[in-house]
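Reader: I'd like to go through the labels on this one and hear what backs each of them up. Shall we take a look?

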Amino acid sequence: MALAKVVYDRRTELGLSQTELAARAGLTQAKISRIEGSDTIPTLPLLAKLAKGLNASLNIAIDEDDAQVTLTAHEAA
């Protein structure tokens, strides 16, 4: 659920549709929809593509009782 929220929040912050993000990330719109709906278990290569498409670094911290996901936006060129 945390991944879905940060992806949705970053995508909307950038003003991108799911289709536009999919094109930037080399994924399909359906895959973006599944990620935002928490309907998929993403692989590391997929997470890397997603981070690139969102122009951000994806950070995942996993503790015994908690997992946190954050996106850190890259500086504008």
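Author: Sure, and keep in mind that this is a predicted model. Let's begin with helix α2 and its neighbours: the buried residues of α2 pack against α1 (2–13), α3 (29–36) and α4 (44–53).

Reader: Which residues of α2 are the buried ones?

Author: In α2, which runs over residues 18–25, they are Gln18, Leu21, Ala22 and Ala25.

Reader: What puts them on the same side of α2?

Author: Their arc around the axis is only 105°, so they end up on the same side of α2. There's a general reason behind that sort of pattern: with 3.6 residues a turn in an α-helix, residues three or four places apart point the same way.

Reader: And what does the face turned away from the buried side carry?

Author: Two exposed residues, Thr19 and Ala23. Then, just after α2, Gly26 has a positive phi of about 70°.

Reader: Why is Arg11 called buried?

Author: Its relative accessible area is 8%, and buried means under 20%, so the label fits Arg11. Arg11 sits in helix α1. Leaving aside neighbours within four places in sequence, Arg11 is in contact with Leu16, Ser17, Gln18, Leu21, Glu36 and Leu54. Gln18 and Leu21 are familiar from the buried set of α2.

Reader: What makes Asn55 partly exposed?

Author: Asn55 comes out at 31% relative accessible area. Buried would need under 20% and exposed over 50%, with partly exposed in between, so 31% makes Asn55 partly exposed. You'll find Asn55 in the loop between α4 and β1 (56–62).

Reader: Which residues does Asn55 touch, beyond its neighbours within four places in sequence?

Author: Asn55 is in contact with Arg10, Arg24, Ala73 and His74. Take Arg24: Asn55 and Arg24 are 31 residues apart in sequence, and their C-alpha atoms are 9.3 Å apart in space.

Reader: On to the largest pocket. How much space lies in it, and which residues are nearest its centre?

Author: About 240 Å³ of space lies in the largest pocket. Its lining has 14 residues, with Met1, Leu3, Pro42, Ile60 and Val69 nearest the centre. α1, β1 and β2 (67–73) each supply at least two residues of that lining, and α1 gives the most, with three.

Reader: How do the lining residues divide into nonpolar, polar and charged?

Author: The lining of the largest pocket has 12 nonpolar residues, two polar and no charged. Met, Leu, Pro, Ile and Val count as nonpolar, so the residues nearest the centre, Met1, Leu3, Pro42, Ile60 and Val69, are nonpolar.

Key
Residues numbered from 1 in each chain as written. Predicted model: local features only at pLDDT ≥ 70, side-chain atom pairs only at ≥ 80, totals over all residues. Heavy atoms only, no water. Buried < 20%, exposed > 50% of the residue type's maximum accessible area, 1.4 Å probe, protein only. Helix = DSSP H or I, 4+ residues; strand = E, 2+ residues; numbered from the N terminus. Arc of directions from axis to C-beta. Contact = heavy atoms within 4.5 Å. 1 Å grid on protein atoms, 1.4 Å probe; cavity = no way out; pocket = protein on both sides within 12 Å on 5 of 7 lines; lining within 4 Å. Points joined across faces, edges and corners; volume = space filled by probe spheres on them.
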